[in-house]
Amino acid sequence: AAQRRAAERTAAALEAPPLVHDWLEAILAASPPIFGFGVDRDAAAAKLYVQARPGAPLPPLPATQAMPPVVAQGSRTLALEWRVGSDA
């Protein structure tokens, strides 16, 4: 519960678009998730990083179906980047 609240507060502070919140829902449903946020102040951008646990696949994440199959199914780490203050 504390991890969820912290993730939601961080996403809100970084003005994350709806897709970031969708990813967080998927990540937090995994047991236990590995994820973190990053910020590039100079570019006014933020990222949500997701890493698979050893021996486990990444959780199904919204919008990754549009990625090439090797990326969507074989990656151990993915990141979602957005401009702070943008809806995209």
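In which sense do strand β1 and strand β2 pair, and over how many bridges? In this predicted model, strand β1, which spans residues 34-40, and strand β2, which spans residues 45-51, pair in the antiparallel sense, and seven bridges join them. One of the bridge partnerships links Asp40 to Ala45 in β2. The two strands, β1 and β2, form a hairpin with four residues between them, and within that turn Ala44 has a positive phi of about 50°.

The elements that take part in the largest nonpolar core can be set out with their residue ranges.

| Element | Residues | Supply to the core |
|---|---|---|
| α1 | residues 2-13 | at least two residues |
| α2 | residues 18-29 | six residues |
| β2 | residues 45-51 | at least two residues |
| β3 | residues 77-83 | at least two residues |

This largest nonpolar core holds 20 residues, of which Val20, Trp23 and Leu48 touch the most other members. Helix α2 gives the most to this core, with its six residues. Once its neighbours within four places in sequence are left aside, Val20 is in contact with Ala11, Leu48, Leu80 and Trp82.

Outside the strands, Gly55 is found in the loop between β2 and α3, the latter being residues 69-74. Is Gly55 buried or exposed? Gly55 counts as exposed because its relative accessible area is 85%, and the cut-off for that class is over 50%. Gly55 and Arg76 are 21 residues apart in sequence, while their C-alpha to C-alpha distance in space is 9.7 Å.

Technical notes
Residues numbered from 1 in each chain as written. Predicted model: local features only at pLDDT ≥ 70, side-chain atom pairs only at ≥ 80, totals over all residues. Heavy atoms only, no water. Pairing = 2+ DSSP bridges. Buried < 20%, exposed > 50% of the residue type's maximum accessible area, 1.4 Å probe, protein only. Core = buried A, V, L, I, M, F, W, Y, C linked by side-chain atoms within 4.5 Å. Contact = heavy atoms within 4.5 Å.
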